[in-house]
Structure formats: structure tokens, C-alpha cells
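Please load the model in your viewer and keep the selection panel handy. We will go chain by chain, with a few stops at interfaces and helices.

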Amino acid sequence: MMPLQALAVTETTPGGSLLVLGIVMPAVALVALIGLGGRGARAIVIAALLFQLYVAVRVALLVAGTQSPLAYVVGGFHPPLGITLRADGISALMMVVSAAIFLAAAGFAWKDFAQPGGKPEARAPLIFWSAMLAMASALNLLFTSSDLFNLYVGIELLTFAAIPVTAIKGGADTLRAALRYLLFAVFGSMLYLFGIVLLYGAYGTLDISGIAAQLQPNAATLAAAGFVTVGLLAKTALFPFHLWLPPAHAGAPAAGSAVLSALVVKGSLFLLMRLWFDTFPTLREPADMQLLALSGALAVIVGSVTALRQQRLKLLVAYSTVAQIGYMFFVFSLAPKGTGEAIAATAWTGAWLQVVAHAFAKAGMFLAAGLAAEVLGHDRIRDLGGLSRRAPLAVLAFALSGLSLMGLPPSGGFNAKFMLLVAALAGGQWVWGAVIIAGGVLAGAYVFGVLARMMAEPAAGASLQAVGRGRQWIALGLSAVAVLMGLLPLEPVAFLAIGRAL
Amino acid sequence: MIFAIMAMILLPLAMALLLLSPALRPMVVRGLGLAPLPALLLPPAAWEGSISTVSFFGTWRYVLDQAGALLLGACALLWIIAGSAASRWLAGRGGQGRFALWWLLTLSGSLGVFVAGDVVSFYALYALASLPAYGLIAFGGGGAERRAGRVTIAAALIGEGLILAAMVLLAVNAPGQGLAIAPLVAALPSSPHCGAVIALLVIGFGLKIGLVPLHGWMPMSYAAGPLIATAVLSGATSKAGLIGLIRFLPLSEAMPVAGGMILAAGLVSALYGALLGLTQANPRSVLAYSSISQLGQMAAVLGAGLAAGAPGAGVIAAYYAVYHVLVKGGLFLWLGAQGRRIAAWQLGLVGFAALGFAGLPLTGGALGKLAFKDLAGTGATGMLFSFAAVGSTLLVLHFLRLARAPAQDPQPQPLSPAAWIAAVIAATLLQWTLFAAVTGDSARSALRPGALFDLAWPVAAGAALAWGLAALGTRLPAFPPGDIGERLIAIIERQATRIASAILRAETQAHQWQVSTLALAAALILFVALQTVFGPR
Amino acid sequence: MADLFTILAVTAGAVLFLAGTVGLLRFPGTLARLHALTKVDNLGLGLVVLGLMPQMGFLAAAKMLAVWLLVQLSGAIVTQILARSVRGGGER
Amino acid sequence: METGFDIALALLLLCVGGWSVIARNMMTAVIVFIAYGLLLSLAWVRLHAIDVSLTEAAIGSGATGLLMVIAAHKVAGDTKRVVQLSRGFHVLAAVFAALVAVGIAALAFVLPGEPSSLAAPVLERLPDSGLGNPVAGVLFVFRSFDTLLEKVVLLLALIGVWALARDADWGGVPGLRLFRERHSVLTLLARTLPPIGFVFAIYMTWAGADVPGGAFQGGTVLAAMWILVMVAGVRRPPRISSPPLRLAIVAGPVVFLAIGFLGFLAPGAFLAYPEGFAKPLIVAMETALTLSIAVILGLLIAGPPKGEDAP
Amino acid sequence: MSAALLFWLAGSGLIGLSVYGLIVNPHPLCKLLALNLLGSGVFLLFGVIARRGASAGLGGDPVPQALVITGIVVAFSATAIAVALLLRLHTEAGEASIDEEDGQP
């Protein structure tokens, strides 16, 4: 039985306090970082991120063990007055994924953002580490909170943490990218906020399960659903609204763009899933869901074609993110209201496999692209030659990530595409099936185009710097996880269904 | 049995990983010939016709049946011969590591694909067989070679997309069956989308074996890149398409319509390939068209098998393919081994082996033709097969005439002649020894006068025609410059660039602030309107 | 009686505000406009405050008076700076 | 008479809002925006939300207005390489905007009749937290998690602004010295007004527990006073890496987190107040918050640290 | 025409105006201003909802009012960052505009 709608929250479950710690501890670390003026910054950050991983793994074990969601009533006040945190299968999964990727990114950026000797504090390290901590806290909040306004504050925190990472290099185009990202994101969140106004007006509560319990399909709710969804689409950079993503993710430092592409974009997508599968379970009208899937399909095609035509490696990888996000929106149309149990379960697992596989693969690919830029001094795709000699592990990482993005077995990407395809063709939606396959072919084209150039002979007179082995292993580790996910069996994963009822 | 399979697939990959460390690189390059060795252990195990399957990690199953064993044995032999020639060829040449890497990846894929038993591992190994070929083709780095590589990769990717669609349809039609190929294929005829699945399979694998409209990439890719690579690509990896058809076509069910269409497509390719080959001036292109023609005949055999519902057709096609694997690879190796002057005996041996394609009696090829004689029947299809044999003879003679001329592109460092000789001899020996096991009647039956005559007259007619043409000195009417395949590719490329630049223009439009925000407002109105109009009442 | 006084004072204040606004629109130079605005508005506000005082308790009236004083203080300072910058004497 | 004023106010709001959007010159648009902000606080008073009116006046139009004026002043000379949008585009944008507006307006008539509100439960649960002001009750007791996160958002905003300093200027002084030399009149104001401001701010924070007011409003007034002193050049702003400044910045969040974790021990839930101690804890938290908000808002307006000479 | 409904119409009008301004105004500062306007419009509607929820003791439901206060502070943080970005972009690139040059993708 693969239920898709969240169960109501009652009491704080044992281990529930972990959820709060997952959100508050990075905030404590952030406060300490700023208060202590950058002394021992990296130690604080690593301690906080390790704690995050500990919390995430414990939460996942508890959820898997008890086969029921963890819940925590903050401050002791039950909804509708108070705020509750709730971690079901997908939250636990995303908490573990984000903790792992943050640790990897921190490890990768360990050297670049070190505190310079002598001077107690420098700009870049303080900014980068604070932003990373804030993103970790905001993401955990998005994954666990079940109060809509609390989620609004979480999304804003995420955006404000992502802006300094985008603009940290300080060049004119990174600043322009950051400004465009900020203005567009605030526009999106204002629309989201208005959706909340309507929901509060209609139901008098902002708690997800509270609204789901009293849900009636009246005009106010429908309008609210529309506003909230479009607001979040702006923040997830789905195709027509992706203007801010490529320059922002390409301009950020390697570790930063890895986290931005792998996790930050998924935060608002997670919210959309919470919205349509938990808050408005019975509202999933085929017409609108097809609209979402249509822009998803456009994202896949246009994103891939544009990625194919990019001159710069990081922009190519960023446009690949725009394309891969498109895949995740098929779940809405593949499992609209009233679809059969099996198809909905397959589509649900396919979407989440795609989210996680893309997170690891894209993080690995961005780190590899960062290494390539360091080795060659530029990231023009045309003369990437000689990289395979100087940083072979980075090229291998790029290849393995490419394998997952292309959707070739054995990789998480393949499992996800296979499940989505099965759900699409079983549901008789040929067009989405064709787009998924075309997307795979186009992804193959642009990944292969880059790989072939990476393997070519170095251009005459190109001076190649050496790059540390440790960082190459980190990139390779992330890509390897994406590939190892290919060993999962190709059936709906029960863990993702914990805490959900149809 | 399972260790041999794992070793066969994983050894080359392990060696490829070893390439990462510069110290081990020369040792790996020298060991290219040894990588396929574990594959030789497998075919004898499956010889008694026993089909053994082993499953691994739940979804990953491996099966070794007769057809797979035949092809695996032949390809393994070719890979060993070519591998040892390659390691000598690479000695002291720049970019050794790169070539060895692509070589090992293709090797692992092309051997593994014959034993893959379930949809996922078949798809993985099939991709592994076709994608790294880019590195081999575009090894020289020249513009033409890179374009050939791009076209080959594009064809491979599109083929894989179609095959993935077919596989998913298979999995969807038989929900409870899991992912093993055999049960899925067995459930295929009764499924609603049977026609669509077969069409997808034929087009997907047809791209790989160059069925006529889809063959454009083959001459381009075989004419580019080092000859050692083309030998392996033309001989071994193209057979991945064949094993795909053997595995995925429901041969046990008589499907006259689908079978007939495949038979027709095969025969058209056979005839078209032979005729087009005559118009080519470069011996490598001639061999490419000969491949199109031979692979077309194999597809025709499978088509006939499907139409008649004879499960044995797979083994017969595989048997016929064994000769093509080794001799086609041998011919390319021979081209690679050409010094300034060609000794007479070399020409004789090559001629004898090549005419095997046309079914010259006593050659391995003749045995292959005998094997599928009853499948083809004596009616119109039998006639067409014979015409194909005539065409092949013409093509082979044309190739010999071209190859005799002083080598146009003298190989800077010719391959050792031992390679092609070994390949050709292995081919003939293999065919003779295996004839009995495959067709049931003894090898001597091939020497019966009736059989000899059936084989001999097409070759004789072909030779006469060739002599007549040469005597009249009339060049063949110049066919329209390119052939359909190339023109198809050119058209597709033009359309693709046109659409791509249109999409790119649209994307840069959507990139501007005012357009995005307007789109957001529009989406808002559209979404809310859709909700309220279609909303649940 | 108190109500009568309030009505009278508040209307006077309103009239003065009106005069100030008209001055703002009609007068030619910035300085003239400044003159009209500050003089009239402060007086107008004073009258209104005065008018409302009887209506309220002592504390509220004191608060109103404090408000008026603060407005006087900031108004005067701002006018000084504006006038200086207009005349070009002071800094930007 | 009652609605007459509201109608006038609503129309005025629309006109002033429209003017600030349509205005060609940036500086006029910003000044009109400040006026719009004040009108908006009036509107909040009409909606019986005094706390919000204070916040809107202080932060919504005051602080934001000041920021925008500074920006407009610096960017005024912008040779706008204006992307000339075609006439049709303007019309299209106007049509879509109007559609959105009409849609939202129509929703008013569609909201369910019986207003579902949390006013009653708040009133009923408020007394045991010792607070009188229900809005402060919601902010610091029922939804204190939001307020805590909002503090983190403020910290992040500060990080975001500081991220834009040049590496060389790091640790330097935030640059907001508009008047270089001592300016007699402004210095007078900068000397007389702050004391009044401090007293007023402290009163507002203290009174916030029972009557409209509270940490945000008090903090903003304090920040305003600090800005006044900085602008007049009476006192140079501290270097951003100076420890006392950093402690002031984190004081509020640290106290808030400490009280939050205290909740773990006493009643066993994060951010829960032990019986009877709610009021004192909240007041302590509010004073620390006021200090932090004042410092952070001041630094946000002062902008990233600049070199010595930069204006 | 209750006061609440009146301000709801005013709020929605403001939202419409700000969306228009956001789309059309070329300069990022004007866009930022439009965003602030949009924010104040949405908060105004929040206030109307609060007013509708008024019960015996209170003039308005305190929960949305608290949310609006938090919203205003968050909106201010966004404006602060945007202004700082804008000024730095102005010093860096001579003029603050967020339309990319034609060449740059």
C-alpha cells in the first residue's frame, strides 16, 4: 500500500527532539561563528555538520525502526496555535542526503576558505561558513516543519543564505546574478505568502495536517494552491522561470555551487511535494498537474539543448540542473488524484530517486568542474584537453556523474528514469515517456561532448596546475554514491511511504 | 560459471581503472591481448545446448545459451587477436592510455552483452559496447574523425533511447514478471503493445546493425579512425545489435507479419549494401557496405525465423555471424598490415576468405549459407538470398581490385600480418567444426553435389558479371552522389541545428527579467483559472 | 464650552494647514515654500494640539505636547539643512 | 463618517502607491514611497493592529525608506542603459497585473463566511504566560520558534551585506558618513534627540509586554538614534571586527537560544517556559533582542565596511 | 462596504500595481521598490484577515498580526541585502542593471 498523504500529528514522539536539534544546532554554530569573530571557524563548522549527520542518521534509523514518522511539538503548544515538526520517510531521506553533501562540500572547501594566519578573520571564510551553516539549518527546517508560515521563514532563510555564496567572488556578473536571484526569489515568496493568507483566512490554521483534515475544494483554497505553487515554481527555477539559476550557480565557488544545485533548489521542490501530496491531497487536478508536467518537459528539452550549446563548463552543468529539475515535476502528472496504487507508488519512488541521485551526481559534477577550472585556469569547454592527465580522478568523477545524469545503468539516475518511464507508460502518458527518453539522449550528448574534450590532448602551451588528490576523492565519492544507488531494486521503496496515508 | 562471467566483464574494467596510475599504464597496454581471455572459458560450458542462468544482486541475471556462446567465442577470439596486434601497434605511440581506456571499456561491453540475461544489465552492457567507441574512432583527433565519432555516438544514443522505451514497454506489459528477458519476451506476443515493442526493437537494434535507412553512420565511422579499432568495431561490437534481436524477438511464436517485414528489411539492406559498395573508391567504405549487406542477411534470417516461428533461427544466425566476425575483422587487419607490395599468396588467401561472404564452396561462409538454406526456403526469398550472394561476389571482387592498387593511405606502422592470418584461419576452422553441432547433419553433407551447386552458381554468376563489367569498361552509372543513409544524416543534422538554434533563441528570450516575471504572472492566472474551471466541484 | 473651544481651535489649525499646502504649491522658490511650510504647519499643529488637550486626560495631553515639541525640533533642524543646501553654503 | 475616512485613506494609498511605481525619476519614487509607508501605518491603525502599525512605520517605511534614499542618491547618476520595452509589452504587463489584482479582489467575496480565527484560544492561553499584549504573546510564546528563526534571518542579512565588502576593507568601518566636518545644526540634533530616543525606546520595549510595542519597535528606534549619530559624524561607527560590536550583535540570539534550551530541562520542550517564570524570561529576552536588533538594523543601514576615504 | 473589505480592495490594487511595476521598471532599485510595495500589499491583506477574525476582547486576531511583524522584518532584510548588492554592483560595473549584456548567456 503506497499512501501518498501525510498522517495527522498528535504528540511528540520519542527522539522527536532530534528534529529541533537538527535545525537549532547549526544556528547555534552560526551565532558562535559570528560572535567569536572567526576564531576556530572551521572547527565549529565541522563539528556542527558532523552533528547534523549524526542527527540525520539517528532520525532515519528511528523512522525506519518504528515505521512511523517522528514528531515534535515546539514549545509545548499543539497546532493550530503552536508549531510542530514532523519527519516522515522523505524528510529523513533528505536530511541524510543533505547532511552528507554538506560534509563533502565542507571537506572540499576546507582549504579554499581557511582562516588566513595572523589576521584573526577574513571576509570569504566567515561568509562562506556562515552561509553553509544557515543553509544546513534552513534545509532541515524545510524538510521537517509542518507549519506553512514556518516554512516561509525557512525558505527565506535558505535564499538569504544562498545569496552571499553566489556573490562571494565579487565580480560584476556574480553580483548581477545574485541580485537577479534575490529579486526573483522575493517575488516568488511574496506570492507564496499571499497563498498562506488565503489558507489562514479559509481554515484558521497554518498546520499542514490541520488544513488537510478540513480541506474543501472552495475557490479560496484553489486560488491559494495556485499562488503558493507558482511562488514555489519561481524558487525552484522550473523552466520558464529559470533566468536566475545558471549565472548564480555558475558564479558561485565550486563547493557553493555544488550545494546550491544539489540541495538548495530541492528545498522549494520538497515544499511543492508537501503541498500537493500532504496539504491538498484531493486537489491534484489532472489539468494543473499536466501543466506542471508540461513545464517540466519543456525544462528537460530546453535545458538540455541549451546545455549542449554552452561554451563554459559551469554554465553547462548549471543548465543541466535546469533540465534535471524538469524530471522531478513529472511525478505530479504521473500520480494525479485517483491514479492506481501501483503507478502512484512507482512514480513517487522514481521522483525521489531522481531527487537524491541528481543531488549526489550534480554535487560530484560541480566539484569536478571546479577542479577542472582550477587545473586549467579557465572553464572554456573547447580547450579542456589534458585534464585527464592532470586530474584523472576528477574526470572519472565527472564521468560517473554523467552516467547518472544520462540515466545509464548501473546508476541512481537510471533507476529513477526507469521508474518514471514505467509509471508514464503504464499510465498511458506516452508524451512524458518520450520526453524522459529524449532527455536521456540529450544528456548523453552534452555529457559525452565534455568527456571527449576532457580526454583530448592538452592545447599547446597550456599551463596546468596540479590539484590535491583529497579533493578529487571527495568529488569521486559523491559521484560513486550516485552510481551505487543503481544497485537498489527497481521496485517502490517502502521507506518513502512511511508516515503517509492515501 | 558465474566467476567466469564476472571475470570477463570486470577484468577489462579493472584494467581500465589501473590506467589511472601512470606507472601501470605501459603494463596494461601490453596486456590488452590478455583481457578477453576469461571469455574463452565460457562457450565450451554452454556447448551441450544447456542454458544456465545465474542471478546476482536480485535483478542482475546472466544466461549463456548456444547463440550467445557462438558469438561470444568468435568475438573473444577476434578481441584477443586484435588486442595483441593493438598492444604492438600502440608501443611508443602518443595517447596510449587514452586508446587503451576506450578499448577496454568497449571490450567489456561487447563481450558482456552476449551473456546479459536481464533487461537492466543488457542495457548497461549494450551502452558500454557502443558509447566508448567514440574514443576509438576519434582517436586521431582530426575534424572528419571527430564528426564520424559524433554521428556514431548520436546513432548509438538514439538507438539506446528506443531500446529503453521497448524494454520499459516489455516490463509494463508483463507486470508480475520482474526484469528477466526470457519471461518478458515470452509474454510479449500476448501483450497489447506487441507491434510497437517489436518496431522499437527493430529500429533500435537496426541502427546498430545498419538496416538500410538507418545505416548512414556505418560507412562514415568505419572509414575513420585507426584500422585496428575499425577491425574490432566492425567485427565484434556490431554483433551486439544481432544478439539484441536474437534475445528480444519472440522467435518461438510465429509472427508472419512482423517476421516478413524484418526479412524484407534485411534483404533490402543486403542488396542495397552490395550495390552501393560498388560505387565506393575507398576499400574501407567497401568493407563497410559489405558489413551492411552481411548484417542485413543475418537480420533477414532472423526475420524468416520469426515468420516461421522457428526458435532455432537465433542459433543459425549466430553461426553465420561467427564467420563474419572473424573474416571482417581479418580483412580490416589485412588492410592495416599492407606494406608497399602485396604478395600474391596474401591476395589468394584474402580472396578465398572474402568470397566466403558470397558462399564460395569449401569456405566457412558457405557452411553458414547452408545452415540457413532450409529457413530461407526455395521460393522468392531463397532467390533473393542468392541474388544477395551474387552482389556479395561482385563487391568482394571490387574490393580485391581496389586493395591490390598500391595502398592509398600507407599505414605508417603496419600491423603484423600474423593477426589477419590467424583471424581468417580461425574463422574457417570454427565454421567447419561447429557445423555439425549447429545443423545436426555431418560436415561432409556440405560436400554433396546438390549443396555444392546451390552455393557455386551465385559465385560463378557474380564472377562472370564482374568480368563482363570490367571488360566493357563501363563504370556503373554514377549513383546519386551520397547514398540514402548519408543524405538522411545530413537532413537530420540540418533540421536538428535549426530546431536547436530556435530553442536557444527562445531560451535567451525567456532569460530576460521582464519576460520571466510576465511569465510568472501569466502562470499564476493560468494555474488559478485551470484550478477553478477544472477544479473539483 | 470645552467642546466649542476644541472645534474652534481644530478648525483654525486645519485652515492653517490648508494655507500651508496652498503656499507649498503656489510659491515660486524653494526657500519661499520652506518658509510657508514650516511656519504654518507648526502653528497649525500647535492649534490642533491645543484644541484637543481638554478632551483628554493629563497624561495624554502631556504626550501630545511632547509630540508637538519633537515636531518643532526636527522641523526646524530639517529646514536649516535644506535651506543651507539650497543656498549652497552648507555641505551636500 | 467612519468609512469616509477609510475610503479616502484607501484611495490615497492606491494613488501614492501607483505614483511611486510610475514615477520616472528614482528619487521622487523613493520619497513618495516613504510617504506611502506613513499612510500605510495609518491604515494599520484603522485595522486595529497597533503593533503592526508601529513596526510598519519604524521598519517598513522608516528603515527601508532610509535605505532606499541612500541607494537612490548614490545610483541617481545611473546612465540607465534602459531596455526599451515595446508599447505592447507595457499593455500586456498592465493587463496581466490588472487580472491578478481583480482576481485577488474577487477572492474577498469568496472567503468562507464564518471567520475562523485563533483570537479566542490566544486570549484563553495568554494569562498563564504573564503577558498582556496578545501579539507579543504570539510572537514570544506560541510561535516563538518563528521569532527565533527570524533573528537568524536578520543575522544572515547582516552576513549578506558584509559579504559585499572588498576583502581589503574587511574589519574596517561601515561607511555612512554623509557629512564630513562637524555640522552645527545636525550635531545639535544628534546631541539632543538621542537621549529622548533611548528613553522612548526602552519604554516601548518594556511596555511591549502589555500594550502594543515590543522588541522590534524599540530596537528600530534605538537603531534610528544610532544612525543619526553616525550620519552627523558625531561618533565614528566601530570596526566590524571589534569584539564588543560582535557581542552586541549576537546577544539577542544567544539569550533566545539559551532560554530555548532551558525549555528542554524545565517543562521538557524546546522554547517552553517554566511555570511562573515566563514573564521575567521574556522580558530578559526582549531587552537582549532590542539591543541586537538595534545594532543589526544600524549595521544593515550603514552597509558593508568601506575603506577610510570612501564616501 | 466594511473597512476590512475596503482595505482588501486597496491591498489587491497595490499588488496589481506592484506586479506591473516589477515587470516593467528597468532599474533594479525600482524593482526593489515594487517588491516592497507588493510585500506591504500582501501584509495589508493579512491585516484584513486578522480584522475579520476579531473576537470579543481584541480588535484583530493576533496570530496574523504577529506573522505580519515577522514578515516585515524579513522583507526589510531582503531590501537591505538587495540595496547593498545594488550599490556594490553600481561601484563594480558603473551602473546597476540586471539585464545581462547580449553576449553573455
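Here is a short tour, with something to select at each stop.

**Before you click**

This is a predicted model, in which local features need pLDDT of at least 70, side-chain atom pairs count only at pLDDT 80 or more, and totals for chains, interfaces and linings use all residues. Residues are numbered from 1 along each chain as its sequence is written, while chains are lettered from A and ligands numbered from 1 in the order in which they are written.

**Stop 1: chain B**

Select chain B and color it by secondary structure: you should find 24 helices and 2 strands. Here helices (H or I, at least four residues) and strands (E, at least two) are DSSP runs, numbered from the N terminus. Along the principal axes, the C-alpha trace of chain B spans about 85 × 55 × 50 Å. The radius of gyration of chain B is 24 Å, which agrees with the value near 24 Å for a compact globule of 537 residues. That radius is taken over C-alpha atoms, and the globule rule is 2.2 Å times the number of residues to the power 0.38.

Of the 537 residues in chain B, 59% count as buried. A residue is buried if 20 or more other C-beta atoms lie within 10 Å of its own, exposed if 12 or fewer, and partly exposed in between, with C-beta atoms placed from the backbone. Two residues are in contact if their C-beta atoms, placed from the backbone, lie within 7 Å. Among the contacts in chain B with a separation of 6 or more, 81% join residues 24 or more positions apart.

Now zoom to B:W457, which sits in helix α22 (residues 449-472) of chain B. Because B:W457 has 14 C-beta neighbours inside 10 Å, it counts as partly exposed. Add B:R487 and draw a distance: B:W457 and B:R487 are 30 residues apart in sequence and 35 Å apart in space, C-alpha to C-alpha.

**Stop 2: chain E**

Next, select chain E, which has 3 helices and 0 strands. The radius of gyration of chain E is 18 Å, well over the 13 Å that the globule rule gives for 105 residues, so chain E is more spread out than a compact globule. Its C-alpha atoms fill a box of roughly 60 × 25 × 20 Å along the principal axes. Buried residues make up 79% of chain E.

**Stop 3: chain D and its partners**

Show chain D beside chain E: 78 residues of chain D are in contact with 69 residues of chain E. On the chain D side, α3(D) supplies the largest share, 14 residues. By class, that side has 52 nonpolar, 15 polar and 11 charged residues. Ala, Val, Leu, Ile, Met, Phe, Trp, Tyr, Cys and Pro count as nonpolar, Asp, Glu, Lys and Arg as charged, and the others, Gly among them, as polar.

Swap chain E for chain A, and 47 residues of chain D are in contact with 48 residues of chain A. Which helix gives the largest share of the side of chain D that touches chain A? That is α7(D), with 13 residues.

**Stop 4: a helix pair in chain C**

Finally, select residues 2-26 and 30-52 of chain C, helices α1 and α2, whose axes come within 8 Å and cross at roughly 165°. Axes are lines fitted to C-alpha atoms, for helices over the stretch in contact, and angles run from 0 to 180 degrees between N-to-C directions. The crossing makes α1(C) roughly antiparallel to α2(C), a label for angles over 145 degrees.

How values were computed. Parallel < 35°, antiparallel > 145°, perpendicular 65-115°, else oblique.
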